[in-house]
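Work through the exercises below with the coordinates open. Try each task before you read its solution.

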Amino acid sequence: MAALDLFGRRWALRILWELRAGPLGARALLARCEGLSSSVLYQRLRELVSSGIIAPSADGYELTPLGTALRDALRPLDAWASVWAKEQERGDQQPTET
């Protein structure tokens, strides 16, 4: 349950998602996560580093091997979310019944 508590915190999964392709610095993360405050970013980064999912690097922050395994585990959820979004979009275009 500790993992769900961590990932359920606002912005945690988004930060991990942005790090999926490689290291990013704090400024780049802030730019990619519109609406994320720097104080929340640094809190989440501390939590994710403490959990062993990301690590500081010369280029900012990057996924650890544990974080890479998590990224791979989240790919099916990403695929499901794409299907779900298309269904929502299609449903929004259908007339509502009264």
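**Exercise 1. The largest pocket**

Which element supplies the largest share of the lining of the largest pocket, and how many residues does that share hold? Then give the volume and the chemical make-up.

Solution.
- Note the source first: this is a predicted model.
- List the lining. The residues are Leu 13, Arg 14, Leu 16, Trp 17, Leu 63, Gly 67, Leu 70, Arg 71, Leu 74, Leu 77, Asp 78 and Ala 81.
- Assign them to elements. H2 and H5 each give at least two residues to this lining.
- Pick the main contributor. H5 has the largest share, with 7 residues.
- Sort by chemistry. The lining splits into 8 nonpolar, 1 polar and 3 charged residues.
- Settle the polar count. Gly is classed as polar, and Gly 67 is among the lining residues.
- State the volume. The largest pocket holds about 280 Å³ of space.

**Exercise 2. An aromatic pair**

Find the aromatic pair and classify its geometry. Then place both rings in the secondary structure.

Solution.
- Count first. The structure has 1 aromatic pair.
- Name the partners. They are Trp 80 and Trp 84, with 6.1 Å centre to centre and 15 degrees between the planes.
- Apply the cut-offs. Centres must lie within 6.5 Å, and planes under 30 degrees apart count as stacked. The pair of Trp 80 and Trp 84 is therefore stacked.
- Locate the rings. Both residues sit in helix H5 (residues 65–93); because they are 4 residues apart, about one helical turn separates them.
- Check accessibility. Trp 80 is exposed at 52% relative accessibility. Trp 84 is partly exposed at 45%.

**Exercise 3. Two residues in the N-terminal part**

Is Glu 18 buried or exposed? Give its contacts, then examine the backbone of Trp 11.

Solution.
- Place Glu 18. This residue belongs to helix H2 (residues 12–18).
- Read the area. Glu 18 has a relative accessible area of 10%, so the residue is buried.
- Collect the contacts. Leaving out residues up to four places away in sequence, Glu 18 touches Leu 24, Leu 29, Arg 32 and Cys 33.
- Turn to Trp 11. This residue is in the loop between helix H1 (2–7) and H2.
- Read the torsion. Phi of Trp 11 is near 80 degrees, a positive value in a residue other than glycine.
- Check burial. At 14% relative accessibility, Trp 11 is buried.

**Exercise 4. The chain as a whole**

What pattern does the chain follow along its sequence? Compare the radius of gyration with that of a compact globule.

Solution.
- Count the elements. The chain has 5 helices and 2 strands.
- Write the order. Along the sequence the pattern is α-α-α-α-β-β-α.
- Compare the radii. The chain has a radius of gyration of 16 Å, while a compact globule of 98 residues would come near 13 Å.
- Add the box. Along the principal axes, the C-alpha atoms fill roughly 55 × 25 × 25 Å.
- Take the burial. Of the 98 residues, 27% count as buried.
- Split the contacts. Among contacts with a separation of 6 or more, 48% join residues 24 or more positions apart.

**Exercise 5. A distance across the chain**

How many residues apart are Ala 28 and Ala 73 in sequence, and what is their distance in space?

Solution.
- Place Ala 28. Helix H3 (residues 26–32) contains this residue.
- Check accessibility. Ala 28 is partly exposed at 28%.
- Give both separations. Ala 28 and Ala 73 are 45 residues apart in sequence and 24 Å apart in space, C-alpha to C-alpha.

Key: Residues numbered from 1 in each chain as written. Predicted model: local features only at pLDDT ≥ 70, side-chain atom pairs only at ≥ 80, totals over all residues. Heavy atoms only, no water. Phe/Tyr/Trp six-rings, centres within 6.5 Å; stacked < 30°, edge-to-face > 60°. Buried < 20%, exposed > 50% of the residue type's maximum accessible area, 1.4 Å probe, protein only. Contact = heavy atoms within 4.5 Å. 1 Å grid on protein atoms, 1.4 Å probe; cavity = no way out; pocket = protein on both sides within 12 Å on 5 of 7 lines; lining within 4 Å. Points joined across faces, edges and corners; volume = space filled by probe spheres on them. Rg over C-alpha atoms; globule rule 2.2 N^0.38 Å.
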